[in-house]
Amino acid sequence: MEQTRRADRTLSMHDLHEIDQARRLLDSARGILILTGAGVSAESGVPTFRGPDGLWKSHRPEALATPEAFQADPRLVWEWYGWRKERVGACRPNAAHAAIARLTLRNADARLVTQNVDGLHELALEEAVSEGNFPGDSAARAAPIRLHGSLFRTRCTGCDNRTSDRHPVEAKSEASLPRCRKCAALLRPDVVWFGEGLDPEILRQAMERAETAEVCLVVGTSGLVHPAASLPLLTRESGGVVVEVNPESTPLTAIAVSSIRGRAGQILPRLLTVESEPSRNRVVD
Ligand code: APR
């Protein structure tokens, strides 16, 4: 978590000014798209992919996260996904997830699009609903648009049946790998691997949101993986603005009207929380 530690600091006057400016943009925006990446979950203990301690520093994506890798060695791929499920399953949402959840629950014009497969946005939503006073239909409306699927779902390689699955993975041998209850074919993680296309309907929804958003708030993504990284560009081309929250600069910094350098858990409660909300998750520097 080197990046997280480096950014763990008292906010400067410049940071506070940037936050203030971005807050005003968000307050007056009719449409808000929040695009998150692995960095939003870093403070929950979920490893990011790139950067000094990123998963792709010590693991080869082509051996673990491609359809070819699964065909060649499904046991190895399931072992890796079993490890990730276990690790992520022990993590809790942080103050950034909570702030996003409350924004999307209270503001029907705000929508979350995430590249994350860790389920922490969904958990934060459940927690916010149980604690807060939000309109009845808001939870369904606030559900994140998941671009890259979920670690906690499986897809059948035979009949394409998809199901939730939070069970630990038995990956000792190929015979113990999870199989479909309907057709007995091998199941695979319901995530989008390198070289695979996104679900066209999910991508359409995300693009529509990007085109109609007056502000695209980009949080904790390296901006290197497309089509997710193209969504802020779409907002800008359609006349909206981009605000970035990230301890490091990224290729998206160049198109951002405001770049706030800091941890998501430190910045988002300041940026998104309104006065009437519980102060429990506000960050005191
Ligand atoms: N708060 C905000 N941002 C952070 C934090 C933090 N506490 N810690 C790290 N970051 C930033 C890093 O500076 C980096 O820009 O989060 C970003 C993480 O980048 P990646 O690891 O590349 O994650 P992401 O952009 O989500 O990757 C996209 O790549 O391998 C695939 O499918 C995987 O969905 C993933 C996609």
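Reader: Which atom of phenylalanine 49 lies 2.7 Å from an oxygen atom of the ligand, one of the backbone or one of the side chain?

Author: In this predicted model, the atom that phenylalanine 49 places 2.7 Å from a ligand oxygen is a backbone N or O atom. A polar contact is a pair of N or O atoms within 3.5 Å, and arginine 50 offers another example, although here an N or O atom of the side chain lies 2.6 Å from an oxygen atom of the ligand. Glycine 220 can be read in a similar way, since a polar atom of its backbone is 3.2 Å from a ligand oxygen. As for the ligand as a whole, it has 740 Å² of accessible area on its own, and the protein covers 95% of that area.

Reader: How many residues surround the ligand, and which are the closest?

Author: The ligand is surrounded by 23 residues, and the closest are Phe49, Arg50, Thr221, Ser222 and Asn246. Sorted by character, the shell holds 11 polar residues, eight nonpolar ones and four charged ones.

Reader: Where in the chain does asparagine 246 lie, and between which strands?

Author: Asparagine 246 belongs to the loop that runs between strand 8 (241-245) and strand 9 (258-260). A residue is called buried when its relative accessible area is under 20%, and asparagine 246 counts as buried because its value is 8%. A polar atom of its side chain lies 2.9 Å from the backbone nitrogen of glutamate 248. Beyond its neighbours within four places in sequence, asparagine 246 is in contact with Gly220, Thr221, Ile260, Arg261 and Gly262.

Reader: How many residues apart in sequence are aspartate 109 and arginine 30, and what is their separation in space?

Author: Positions in sequence and positions in space have to be read separately. Aspartate 109 and arginine 30 are 79 residues apart in sequence, yet their C-alpha atoms are 6.2 Å apart. Aspartate 109 sits in the loop between helix 7 (95-106) and strand 2 (110-114), and, when residues up to four places away in sequence are set aside, it touches Arg30, Gly31 and Ile32. With a relative accessibility of 38%, aspartate 109 counts as partly exposed. For the chain as a whole, 73% of the contacts with a separation of 6 or more are between residues 24 or more positions apart.

Reader: What should I look for in the backbone angles, and which residues have a positive phi?

Author: The general idea is that most residues other than glycine have a negative phi, and that most peptide bonds are trans, so departures from either pattern can be picked out. Aspartate 160 has a positive phi, near 70°, and its place is in the loop between strand 4 (149-156) and strand 5 (162-164). Alanine 184, which is not a glycine either, has a positive phi of about 70° and is found in the loop between strand 5 and strand 6 (187-191). Aspartate 160 is partly exposed at 40% relative accessible area, and alanine 184 is partly exposed at 45%. As for peptide bonds, the one that joins histidine 226 and proline 227 is cis, with omega at about 10°, and proline 227 lies in the loop between strand 7 (215-219) and helix 11 (231-237).

Reader: What is the radius of gyration of the chain, and what would a compact globule have?

Author: A compact globule of 285 residues would have a radius of gyration near 19 Å, and the chain agrees with this because its own value is 19 Å. The chain contains 12 helices and nine strands, and buried residues make up 50% of its 285 residues.

Conventions:
Residues numbered from 1 in each chain as written. Predicted model: local features only at pLDDT ≥ 70, side-chain atom pairs only at ≥ 80, totals over all residues. Heavy atoms only, no water. Near = heavy atom within 4 Å. Polar contact = N/O pair within 3.5 Å; in protein donor to acceptor, adjacent residues only side chain to side chain. Areas by Shrake-Rupley, 256 points an atom, 1.4 Å probe, with all protein chains shown as cover. Nonpolar A, V, L, I, M, F, W, Y, C, P; charged D, E, K, R; others polar. Helix = DSSP H or I, 4+ residues; strand = E, 2+ residues; numbered from the N terminus. Rg over C-alpha atoms; globule rule 2.2 N^0.38 Å. Buried < 20%, exposed > 50% of the residue type's maximum accessible area, 1.4 Å probe, protein only. Contact = heavy atoms within 4.5 Å.
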